[in-house]
Amino acid sequence: MVLSYYLLKIPYTVIWEVRELFNLNKDVMLYCANALDYQIFASVQKHLPPLKIIAKDKKTQQELAAIGVPSKVYPVFPKGVIMCRQAGYKFPASRMKKVGMRHGAYTFKPFANSKGYNLLDHFYMTSSREVERAQAVGITCAKAVGFPKLDPMFDGSVDTEQLAALAKGAGLDEGKPTVLFTATWNDSGVSAISHWYDKLDSLTADYNILVTVHPWTKDEIKQKIKNTKQVFFIDTADIVPYIQLADVCIGDTSSVLAECCALEKDMVTFTVDDGKRTVQEVKQLIKEFSIQIDQFDQLQGAIKQALTKPQHLAQARAKANKIMFDQLDGQAGLRAANYLKELFPQLNQTNN
């Protein structure tokens, strides 16, 4: 358990209980640590009455305001709270109902402390296999719903006109294949971003290049990518439509690979050494559903292989999707919303 839980528990709980005594804790609210959390929740929110938003801090409040979303800055004392992460320690009143959900598809890194998860009444995971893995390490609140972030790609919400507009905005040349690069946090010990972030200019003559990286990536790395001519850096929370535009996706151990797999994209991945954040099951999945290489000079050949044999790893992707998502039907947000309505009956009302 994080130290702040113990520091917050008594003062936060006293205030919450006093407010509860006077019926002041009325709202079920969404806690956002960044604007991405709000975007991830969108496919759940559409099945619920509008939720008020708690911003982690002033910076997050400004991020949300920039996309037209009003919020209150933490600390706030809701009747119940929903979050797209595992941050129950910020709301330590034991009688407050709390729900978390996955902000990255499946669990590509080891589970965090089970005690932190178990502060929550529910934690919505992307598959029944993920629930089994969670239960094996003592997490008791897990429920399988799928990955709502992907729903728009399966329920018809994103159409060809929208994708065409994104492609135009990214300056994609219709005569070139499109390659999307992604990477996990550069200091995680399991990232491969050092192999390619400063070499992208060698690929732009042959390919459209899209890039998305972990939010914690060093600014100097991000800036190098942004300064590379004819490379489009995806500087938005919603990367899924850009994945859909790609012909081939390049990665390492980032959970974005799960989204690429769900969208039936051929993948090339750089091998990385095992570290404390390595999950052997996930490492094996990546090995099976992607073409693996060790060095940048192997990349051109691997991309050409993926483009010429796009169905070569289709069965491996299908197998992985069953493990990571159970089903990709565009209904994960609805399943999550139905669970939330069971836990919070007030969400069955037309107005929250």
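This is a short talk on the sheets, helix contacts and a few unusual backbone spots in one structure.

Hi everyone, thanks for coming. Before we start, please keep in mind that what we have here is a predicted model. I'll go through the two sheets, then the helix pairs, and then some loops.

Let's begin with the sheet of 7 strands. It is open, its pairing is parallel, and the strand order reads E3-E2-E1-E4-E5-E6-E7. Which strands stand at the edges? Those are E3, residues 72–73, and E7, residues 142–144. Each has a single partner strand, so one side of each is left without a neighbour in the sheet.

At the E3 edge, the partner is E2, residues 52–55, and these two strands run parallel with 2 bridges between them. If you want a residue pair to click on, take Ala 55, whose bridge partner in E3 is Val 73. Helix H3, residues 58–66, packs on this sheet and touches E1, E2 and E3. The direction of H3 makes about 140° with that of E2. Over at E7, we find helix H5, residues 128–136, also packing on the sheet. H5 touches E6 (122–125) as well as E7, and its direction makes about 165° with that of E7.

Now please look at E4, residues 80–83, which I'd like to spend a moment on. E4 pairs with E1, residues 28–32, in the parallel sense over 4 bridges. Here Tyr 31 stands opposite Met 83 in E4. E4 also pairs with E5, residues 97–101, again parallel and over 4 bridges. In that pairing, Ile 82 has Val 99 of E5 as its bridge partner.

So are the faces of E4 covered or not? As a reminder, side chains in a regular strand alternate between the two faces of the sheet. In E4, Gly 80 and Ile 82 are on one side, Val 81 and Met 83 are on the other, and all of them are buried. Both faces of E4 are therefore covered.

On to the other sheet. This one has 6 strands, is open too, and follows the order E10-E9-E8-E11-E12-E13 with parallel pairing. Its edge strands are E10 (231–233) and E13 (291–293), each pairing on one side only. On average, and ignoring direction, neighbouring strands here are turned by 20° against each other. Inside the sheet, E11 (residues 248–251) and E12 (residues 266–270) run parallel and are joined by 4 bridges. A handy pair to display there is Ile 250 with its bridge partner in E12, Val 268. Helix H7, residues 219–226, lies across E9 (208–213) and E10, and runs at about 135° to E10.

Next, the helix pairs; I have two to show you. In one of them, H10 (residues 280–289) and H12 (residues 314–325) pack at an angle of about 150°, with their axes 8 Å apart. Angles over 145 degrees count as roughly antiparallel, and H10 and H12 are therefore roughly antiparallel to each other. Their crossing is left-handed. From H10, the residues involved are Glu 281, Leu 285, Glu 288 and Phe 289. They meet Ala 316, Arg 317, Lys 319, Ala 320, Ile 323 and Met 324 in H12. By class, this contact has 6 nonpolar residues, 4 charged and no polar ones.

In the other pair, the axes of H2 (residues 35–45) and H13 (residues 332–343) come within 7 Å and cross at roughly 75°. That makes H2 roughly perpendicular to H13. Phe 41, Ser 43 and Val 44 of H2 meet Gly 333, Leu 334, Ala 336, Ala 337 and Leu 340 of H13. Which classes make up this contact? It has 6 nonpolar and 2 polar residues, and no charged ones.

Finally, the loops. Between E3 and E4 sits Pro 75, and the peptide bond joining Tyr 74 to Pro 75 is cis, with omega about 10°. Asn 23, in the loop between H1 (3–21) and E1, has a positive phi near 60°, and that in a residue other than glycine. Tyr 106 also has a positive phi, near 55°. You'll find Tyr 106 in the loop between E5 and H4 (114–117). Is Tyr 106 buried or exposed? At 2% relative accessibility, Tyr 106 counts as buried.

That's my tour, and I'm happy to take questions.

Key:
Residues are numbered from 1 along each chain as its sequence is written. This is a predicted model: local features need pLDDT of at least 70, side-chain atom pairs count only at pLDDT 80 or more; totals for chains, interfaces and linings use all residues. Side-chain values use heavy atoms; hydrogens and water are left out. Axes are lines fitted to C-alpha atoms, for helices over the stretch in contact, and angles run from 0 to 180 degrees between N-to-C directions. Angles under 35 degrees count as roughly parallel, over 145 as roughly antiparallel, 65 to 115 as roughly perpendicular and the rest as oblique. A crossing is left-handed if the near helix is turned anticlockwise from the far one by less than a right angle, and right-handed if clockwise. Contact means heavy atoms within 4.5 Å. Ala, Val, Leu, Ile, Met, Phe, Trp, Tyr, Cys and Pro count as nonpolar, Asp, Glu, Lys and Arg as charged, and the others, Gly among them, as polar. Buried means under 20% relative accessible area, exposed over 50%, partly exposed in between (1.4 Å probe, protein chains only). Two strands pair if DSSP finds at least two bridges between them.
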